Each structure stands twice: as C-alpha cells, then as structure tokens.
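Please read the following report alongside the sequence and the structure shown here. The sections go through the strands, the core, the surface and the charged pairs in turn.

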Amino acid sequence: MLIKKGPMKNLQFSFTPSLPKEMSSIIEKGHVKDEQEKGVVCNFEPFAIILKDGDIFIGALQAYTAYAEIYVDDIWVKKEYRGKGFGKKLLDELEKKFEGKGYNNINLVTSAFQAKEFYLKCGFEIEFERINQANPKLSKTFFIKFFKNASQSKGIL
C-alpha cells in the first residue's frame, strides 16, 4: 500500500451517485476490521417489507439492521389506502420479525410535514427534535421504540 508522506498537492474530490465496487469493498473491510478490534459487529443488512392484497401493491417499508438496532429508512402507503391502518400493519410486521431476535430497538426519523402523530400512535417515543429555523416543515423528529423482549445479543462479538 502506497502512503504519501508530506503535504498532498493533487487532492481531488468527485461527487458520484454511488461508490465503485472496489472502493466500497475497501471501506467495508475497513469497517469490519475496526469493529472487530472494538469487540462489535455491525450486522448491516438492508431489507424491505412489501404489503399487497393479492396482486395489488398497497405499501412498503424499507429498513436495515446495524449493530443491535433496526433503522427504518422509508415507509410508504399508496394514497387511497392511507388512514386504514396499513402503515401500522407494516410497523407491526417489522416488530414481529425482529422481536426477541437479539435486537434492542427500532429507530426512525420523520419531517414535520410527514407523520409525527402517526409514529406516536404506533408506540414510538420522541428521542429528540431538530428544528429547522428557515423552514419549520423540514424540522426533524427522531423516534425510538424499544423491543419489549430486548435480550440484546446482536452487535456483540
């Protein structure tokens, strides 16, 4: 491995939609090594839950596991099915899938113009809020919901 000593004179930055596979692999291996040295394991695994009625798509939840937590990236229900409990069904299915499997909690973030009250009704607690002074609609609420049976074993080597 070549490591330059002294000031670097030809630094370049590039913005790209995603990392090339070889760079992504270097980063992944680096993370795994760093985590192992600290006695933890990431368990990163993206997944989705799709809700359909026969062939009719109703909605979906996209999330990932990391360490001992579940992170919800996105939950969406088609407009004509909203307010009928389908969003809650997706979150209930998520909990059912991971309850008692060594995970500690579920995390998610929503903007003020989205579904703050919905997540409160689904049993999530507000962990903290970040207010956007320029556009309050873009203020963020960070939620957490702890598993009832949280015998945490994930994230530990």
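## Two hairpins in the sheet

In this predicted model, the hairpin of β1 and β2 has two residues between its strands, and Gly 54 takes a positive phi near 65 degrees there. The strands themselves, β1 with residues 45–53 and β2 with residues 56–66, run antiparallel and are joined by nine bridges. As one point of reference along this pairing, Ile 50 has Ala 60 in β2 as its bridge partner.

Strand β2 also pairs on with strand β3 (residues 69–77), again in an antiparallel manner, and here eight bridges join the two strands. Tyr 64 can serve as a point of reference for this second pairing, since the bridge partner of Tyr 64 in β3 is Tyr 71. The hairpin of β2 and β3 likewise has two residues between the strands, and in this hairpin the residue with a positive phi, near 55 degrees, is Tyr 67.

## Positive phi outside glycine

Tyr 67 deserves a second look, because its positive phi, near 55 degrees, belongs to a residue other than glycine. Tyr 67 lies in the loop between β2 and β3, and with a relative accessible area of 33% this residue is partly exposed.

Asn 43 is another residue other than glycine with a positive phi, in this case near 60 degrees. Its place is the loop between α1 and β1, where Asn 43 counts as partly exposed at 26% relative accessibility.

## The nonpolar core

The largest nonpolar core holds 22 residues, and those that touch the most other members are Leu 61, Ile 70, Leu 91, Leu 94 and Phe 124. At least two residues of this core come from each of β1, β2, β3, α2 and β4 (105–111), and the element that gives the most is α2, with five residues.

What does Leu 91 touch, once residues up to four places away in sequence are not counted? The residues touched by Leu 91 are Leu 61, Ile 75, Phe 118, Tyr 119, Cys 122 and Phe 124.

## Leu 90 in helix α2

Leu 90 has its place in helix α2, which covers residues 86–98. Is Leu 90 buried or exposed? Leu 90 counts as buried because its relative accessibility is 1%, whereas the limit for being buried is under 20%.

When neighbours within four places in sequence are left aside, Leu 90 is in contact with Ile 49, Leu 51, Gly 59, Ala 60, Leu 61, Ile 75, Trp 76 and Val 77. Pro 20, by contrast, is 70 residues away from Leu 90 along the chain, and the C-alpha atoms of these two residues are separated by 33 Å.

## A nonpolar patch at the surface

Met 8, Leu 11 and Phe 13 make a nonpolar surface patch of about 410 Å². Of these residues, Phe 13 is found in the segment before α1 (21–37), and with 77% relative accessibility Phe 13 counts as exposed.

## Salt bridges around helix α2

The count of salt bridges comes to six, and those described here include two pairs within helix α2. In one of them, Lys 88 forms a salt bridge with Asp 92, and the closest N and O atoms are 3.0 Å apart. These residues are separated by about one helical turn, because they are four residues apart in helix α2. Lys 88 is partly exposed, with a relative accessible area of 36%, and Asp 92 counts as partly exposed as well, at 33% relative accessibility.

Lys 96 forms a salt bridge with Glu 93, with 3.2 Å between the closest N and O atoms. Both residues lie in helix α2, three residues apart, which is about one turn of the helix. Lys 96 counts as exposed at 58% relative accessibility, while Glu 93 is partly exposed, with a relative accessible area of 36%.

## A salt bridge between distant parts of the chain

A further salt bridge is formed by Lys 145 and Glu 95, whose closest N and O atoms are 2.7 Å apart. This pair links distant parts of the chain, for Lys 145 is in strand β6 (residues 140–146) and Glu 95 is in helix α2, 50 residues apart. Lys 145 is buried, with a relative accessible area of 15%, and Glu 95 is buried too, with a relative accessible area of 15%.

Conventions: Residues are numbered from 1 along each chain as its sequence is written. This is a predicted model: local features need pLDDT of at least 70, side-chain atom pairs count only at pLDDT 80 or more; totals for chains, interfaces and linings use all residues. Side-chain values use heavy atoms; hydrogens and water are left out. Buried means under 20% relative accessible area, exposed over 50%, partly exposed in between (1.4 Å probe, protein chains only). Contact means heavy atoms within 4.5 Å. Two strands pair if DSSP finds at least two bridges between them. A nonpolar core is a set of buried Ala, Val, Leu, Ile, Met, Phe, Trp, Tyr and Cys residues joined through side-chain atoms within 4.5 Å. Patches are made of residues with over 30% relative accessible area and no salt bridge: like charges are joined within 9 Å, nonpolar side chains (Val, Leu, Ile, Met, Phe, Trp, Tyr) within 5 Å. Accessible areas come from the Shrake-Rupley method with a 1.4 Å probe; for residues, only the protein chains shown count as cover. A salt bridge is a side-chain nitrogen of Lys or Arg within 4 Å of a carboxyl oxygen of Asp or Glu.
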